Amino acid sequence: MSISSNDRNNKNTNRKNSDHYSSEYNPKAIERDLLLIKQLKHGKKQLTRQLAQEIYYKIKDEEIQFASYIGEEFVVSLFENMTDDQVQKINKAVRKKKQKKRNRKQLIKIHRRIAIVMSVLVLVFSVLCINWSLLMDLRTNYQTKKLQAKIISEKEAANAAADSKPDVLAAVDESTESQESAEQVSDTAEALAVTSGEYEIMSKFTQLHEENADFAGWLRIPGTKIDYPVMSREGDNNYYLDKNFEQKPDKNGLLILDYRNDTTSDQQNLIIYGHNMRTGVMFGTLKEYKDKAFCDEHMIIKLDTLYEECEYRVVAAMLADVAYEDEDVFRYYDAIDISTEENFNAFKENIMKNALYTTEETIMYGDTCLILSTCDNYKEDGRFVVIAKKK
C-alpha cells in the first residue's frame, strides 16, 4: 500500500482499506509490517509529532509500502500527529529531493555520453596521428629511395661513359704506379679531383646538387636504418629540421651538416644533426650505440661528401646537453676547429672524460672526426653523441 496525503483526509477510505486487509488476513504481512514499524520508530514507544514527521519523510522518501491493516493504521496515526502544513511541507521536500536526484542522474548520463564521445574522438585522433606518422615515414622512405635511385643512375652513367673512353682509362692506369683493377679505376673516377684550386663534385651527386644546392652529401651506417642525404644551408642549422629534400614541410626533417663546416678542410670535425624519431627514421636508431656491443658490430660509418667518399670508425659515444651561454662547460657542437694542437687536445680530453665508453680506436693530433648528434630525453635538452675517426 503506497502512502498519500489524501489518506489523512479520507477516513472512509482508511476504514475501507482496513476492512479489505481484515477480509484478507495475512499473518506474514502483519509480521512484516510490525517489524517495519519497529524499525521506523527506532524502539520508541510513544509517537511524538517530531517522530511522526521523521517517519513520514522516510516513508515518502524511500517509497516504503505496507501490506496489512496494521501498517494502514500506523500511517493513520502518523497523519493524526501532523498538521496539513507539515504533511505538505514534507511532500514538497521529498519531491524536490527526488527531482534533484533525477536531475543528477540525467546529468551523469550526459557526462557519460560526453565522455564516450570524447574518448571516441581521442581514439580516432590517435589512430589518425599514428597513421599520419606512418604515412610521413613512408613518404620519407619513398623519397630517400628516389634519391638513392638517382645516385645509382648517375654512377652507372659515369661508369658507362668511362668505359667508352679507353684512352682516358689508359691515362689513369699510367698515372698509377701499381696495377689497379677495373673497380679501382671506377673508384678513381669518383675520387676527389682538384682543378685550378676548385673541387669537383662527384658525378654521382651532380644531379642531386643541381636539384637542391643545399645537398652536402650522403650518410650511411651499414647494418642500420641510417641511410640518408645530408643537407647544409648557409647560416642556418634549423632549416631542414622540418623540411624534406624538396624543401616541403616534413616532421622527420633531414640530416643536417653544421653550416660552419667545410668538407674540404682536413682541420675540422664534421658535425651532423638529426631528429631522434620514435619510428626509427633519421637518427631514430642512433641511440642503439649506447650499447657497446652494438657499437662493436657497427664500427663503420660512411660519409660521402660532394667531393669524396669517406669512411669513419667509432671512437666513443657520450651523453651531453645544450649548455647556457654563461656555463663554462664542454660544448661538443662547437668543437669544429681542431687546427691547433691545443684545440685538438681539449676536444680529445673532453670526449674521453664524458664518454659512456670508448673503443680501441684512438685519435691523435692530425685526425679529424665525424660527430653525430641527436636529442635524448635522459634530461632536458639532452643529447646523445657518437664520435668517429676518419680513416
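**Entry 1: Gly-280**

I count a residue as buried when its relative accessible area is under 20%, and Gly-280 is therefore buried, because its value is 5%. The model I am reading is a predicted one. I found Gly-280 in the loop between strand 6 and helix 9, and I then looked up what it touches in the model. Leaving aside the neighbours within four places in sequence, Gly-280 is in contact with Lys-225 and Thr-285. I also checked the spacing to Thr-224, which is 56 residues away along the chain, and the two C-alpha atoms are separated by 9.8 Å.

**Entry 2: confidence and overall make-up**

Before going further I looked up how far the coordinates can be trusted. The mean pLDDT of the protein is 85, and 83% of the residues reach 70 or more. Two stretches call for caution: residues 5-23 stay under 50 in pLDDT, with 24 contacts in the model beyond four places in sequence, and residues 175-186 are also below 50, with seven contacts beyond near neighbours in sequence. Where pLDDT is low, the predicted coordinates should not be read in detail, so I leave the contacts of these stretches uninterpreted.

For the whole protein I noted ten helices and eleven strands. Of its 391 residues, 37% count as buried, and the accessible surface comes to about 23600 Å², with 50% of that belonging to carbon and sulfur atoms. Among the contacts with a separation of 6 or more, 66% are between residues 24 or more positions apart.

**Entry 3: positive phi values**

Which residue in the loop between strand 6 and helix 9 has a positive phi without being a glycine? I found that Met-282 has a phi near 55°, and that this residue lies in the loop between strand 6 (270-273) and helix 9 (292-297). Most residues other than glycine have a negative phi. Met-282 counts as buried because its relative accessibility is 0%.

Asp-381 is another case, with a positive phi of about 60° although it is not a glycine. Asp-381 sits in the loop between strand 10 (369-375) and strand 11 (382-390), and at 38% relative accessibility this residue counts as partly exposed.

**Entry 4: salt bridges**

How many salt bridges are there in the model? My count comes to 21, and I followed several of them along the chain.

The side chains of Lys-290 and Asp-376 meet in a salt bridge at 2.5 Å, N to O. This pair links distant parts of the chain, with Lys-290 in the loop between strand 6 and helix 9 and Asp-376 in the loop between strand 10 and strand 11, 86 residues apart. The partners have unlike surroundings by accessible area, since Lys-290 is partly exposed at 36%, whereas Asp-376 is buried at 7%.

I next looked at Glu-311 and Lys-391, whose side chains meet in a salt bridge at 3.0 Å, N to O. Glu-311 lies in strand 8 (residues 309-321) and Lys-391 in the segment after strand 11, so the pair ties together parts that are 80 residues apart in sequence. Glu-311 counts as partly exposed at 25% relative accessibility, while Lys-391 counts as exposed at 64%.

Strand 8 also holds Arg-313, which forms a salt bridge with Glu-361 at 2.8 Å, N to O. Glu-361 lies in the loop between strand 9 (355-358) and strand 10, 48 residues from Arg-313. Arg-313 is partly exposed, with a relative accessible area of 24%. Separately, I noted that Lys-204, Asp-304 and Glu-309 are linked in a network of salt bridges.

**Entry 5: helices 5 and 10**

I turned to the surface and found a nonpolar patch formed by Leu-107, Ile-110, Ile-114, Val-117, Met-118 and Leu-121, with about 530 Å² of accessible area together. Of these residues I looked up Ile-114, which is found in helix 5 (residues 84-163) and is partly exposed, with a relative accessible area of 47%.

Is Asn-350, in contrast, buried or exposed? Asn-350 lies in helix 10 (residues 341-354), and this residue is buried, because its relative accessible area is 17%. A polar atom of the Asn-350 side chain lies 2.8 Å from the backbone oxygen of Ala-346.

Notes:
Residues are numbered from 1 along each chain as its sequence is written. Side-chain values use heavy atoms; hydrogens and water are left out. pLDDT is the predictor's confidence in each residue, from 0 to 100. Contact means heavy atoms within 4.5 Å. Helices (H or I, at least four residues) and strands (E, at least two) are DSSP runs, numbered from the N terminus. Buried means under 20% relative accessible area, exposed over 50%, partly exposed in between (1.4 Å probe, protein chains only). A polar contact is a pair of N or O atoms within 3.5 Å; within protein, one must be able to donate a hydrogen and the other to accept it, and residues adjacent in sequence count only if both atoms are side-chain atoms. Accessible areas come from the Shrake-Rupley method with a 1.4 Å probe; for residues, only the protein chains shown count as cover. Patches are made of residues with over 30% relative accessible area and no salt bridge: like charges are joined within 9 Å, nonpolar side chains (Val, Leu, Ile, Met, Phe, Trp, Tyr) within 5 Å. A salt bridge is a side-chain nitrogen of Lys or Arg within 4 Å of a carboxyl oxygen of Asp or Glu.
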